[in-house]
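This report introduces a protein to a reader who has not met it before. It begins with the nonpolar interior and then turns to charged pairs and to the chain as a whole.

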Amino acid sequence: MSAKPYRDALALPGLRPLLLVAILARVPVAATAVVMTLHVLDLGRGFFAAGLVGAAMTLGSALGAPLLGRLVDRRGLRPMLLLTTAVSALFWATAPVLPYPVLLGAAFAAGLLTLPVFSVVRQSIAALVPPTERRQAYALDSMSVELSFIIGPAGAVALATSVSPTLTMYAVGAGIVLAGLTLLVLNPPTRARDEATTPARALPRRQWLTPRLIGLLAGGAAGTLVIAGIDVSVVAVLRDAGQVDWTGVVLALWASCSLIGGFTYGALSRPVPSLILTLVLGLVTIPIGLGSGQWWLLALMLLPSGAFTAPTVAATADAVSRLVPASVRGEVMGLHGSAMVVGVALGAPLAGAVIDATAPAWGFAATGLLGALIALAVLPTQSSHRHSEAAAEPATISTVAPRSIPSPLDHRSR
């Protein structure tokens, strides 16, 4: 396995600083859920109340991501960044002192206009990186996501338990605002130099919202559904076994294996279809519960799923970015972000409901099986990809400016 494809990708102008900013920007975003949970518990409310706040933010984010992406397509990156950064600053400055009912409504509004770091970074990768090296770039991006989710929640818990949840909320809010300001300064492109800043005409959704794209989005949601189910089931299994102190170690091993899997995927000579990766991720998740007796056995059973986690996320983003014209890429990457969020929002409660009704080990089986079934169900939509690409080609050409007239570089993705 050679690291040369990664060196070639990182040598592209603008990609290295974008990935560095992506890691730093995603750390506070990754800490949001755990910080909000600790704050609501500190208010004297229970886990259900904390879950409602998280659900409100998640629902708002899923609804707002495509709208923000459309704003990027029509007006450019900076207006969207100014709007979302200002809303984030207002929310996090006031959230620690809001009464719970007001916090619940504010969380939905903040989610609707949340800073879409993930979609922006992925959209910008599609603009910065030629198709021949895009798989490696998205593999690096998925590995940076893993690093952010290793650092963010753990750091938030440490700060909240050693100082206070309120101060941690202010710190997370400051980090998110700083991320927005950094992206404003960096202003990464959302379209390549040979892509026009505005389409020749507005493209009807029926031209790009094809069965293949819908299948890819469903596959992305299925992948994060499985990942969220694993997350919840690991905690439940270790708690049931009286080994909850090993949770951090087990999840760290799982994430480390995901990093290795992401690196391996990017170094492959040929790509693997994203829905195949989702299908395999679901299948290898089903038997994880067999290792529920001991933490080290559970960690071993988690390794195959970890190896397919980052590749599944990277392959889905790569496939979606290649499928649509540049003039609607922001909206489509927003839809991709929404699909990933919806998967998480479905996977965690599904695993929890199955665990409550049966046993912790069945949480893996339920979410793994459902994810695999979704991937199988939408797999036929990919068989017509040649026809879809041929149909999309005229629309793509109509949005491309002559190479002799470079257009302004734009923005990013979430």
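In this predicted model, the largest nonpolar core has 73 residues, and those with the most contacts inside it are Leu 15, Met 36, Phe 91, Ile 125 and Leu 213. Helix H4 gives the most to this core, contributing 7 residues. A second core, separate from that one, has 16 residues, and Ile 230, Val 237, Leu 298 and Ala 299 are included in it. Such groupings fit a general tendency: in soluble globular proteins, nonpolar side chains tend to be buried together.

Ile 125 offers a way from the core to the charged residues. When residues up to four places away in sequence are not counted, Ile 125 touches Leu 15, Leu 18, Leu 19, Arg 134, Ala 137, Tyr 138 and Asp 141. The last of these, Asp 141, lies in helix H8, which covers residues 134-162.

What surrounds Asp 141, once its neighbours within four places in sequence are left aside? The residues in contact with Asp 141 are then Leu 19, Arg 26, Val 121, Arg 122 and Ile 125. Is Asp 141 buried or exposed? Its relative accessibility is 2%, and because buried means under 20% relative accessible area, Asp 141 counts as buried.

Side chains of opposite charge can pair when their charged atoms come close. A search of the whole structure finds 4 salt bridges, and the table below sets out three pairs, among them two that involve Asp 141.

| Pair | Closest N to O distance |
|---|---|
| Arg 26 and Asp 141 | 2.8 Å |
| Arg 70 and Glu 331 | 2.9 Å |
| Arg 122 and Asp 141 | 3.1 Å |

In the salt bridge between Arg 26 and Asp 141, Arg 26 lies in helix H2 (residues 15-30) and Asp 141 in helix H8, so the pair ties together parts that are 115 residues apart in sequence. Arg 26 has a relative accessibility of 0% and counts as buried, as does its partner Asp 141 at 2%.

Arg 122 also meets Asp 141 in a salt bridge, and this pair links helix H7 (residues 117-128), where Arg 122 is found, with helix H8, the two residues being 19 apart. Arg 122 is buried, with a relative accessible area of 5%. Through the partner that they share, the salt bridges join Arg 26, Arg 122 and Asp 141 into one network.

The salt bridge between Arg 70 and Glu 331 links distant parts of the chain, with Arg 70 in helix H4 (residues 47-75) and Glu 331 in helix H15 (residues 329-357), 261 residues apart. Arg 70 counts as partly exposed at 29% relative accessibility, whereas Glu 331 is buried, with a relative accessible area of 5%.

Turning to the whole protein, how many helices and strands are there? The protein has 17 helices and 0 strands. Of its 414 residues, 53% count as buried, and the accessible surface comes to about 17400 Å², of which 70% belongs to carbon and sulfur atoms. Among contacts between residues at least 6 apart in sequence, 86% join residues at least 24 apart. The pair of Arg 70 and Glu 331, 261 residues apart, is one link between distant parts of the chain, and the pair of Arg 26 and Asp 141 ties together parts 115 residues apart in sequence.

Technical notes. Residues numbered from 1 in each chain as written. Predicted model: local features only at pLDDT ≥ 70, side-chain atom pairs only at ≥ 80, totals over all residues. Heavy atoms only, no water. Helix = DSSP H or I, 4+ residues; strand = E, 2+ residues; numbered from the N terminus. Buried < 20%, exposed > 50% of the residue type's maximum accessible area, 1.4 Å probe, protein only. Contact = heavy atoms within 4.5 Å. Salt bridge = Lys/Arg side-chain N within 4 Å of Asp/Glu carboxyl O. Areas by Shrake-Rupley, 256 points an atom, 1.4 Å probe, with all protein chains shown as cover. Core = buried A, V, L, I, M, F, W, Y, C linked by side-chain atoms within 4.5 Å.
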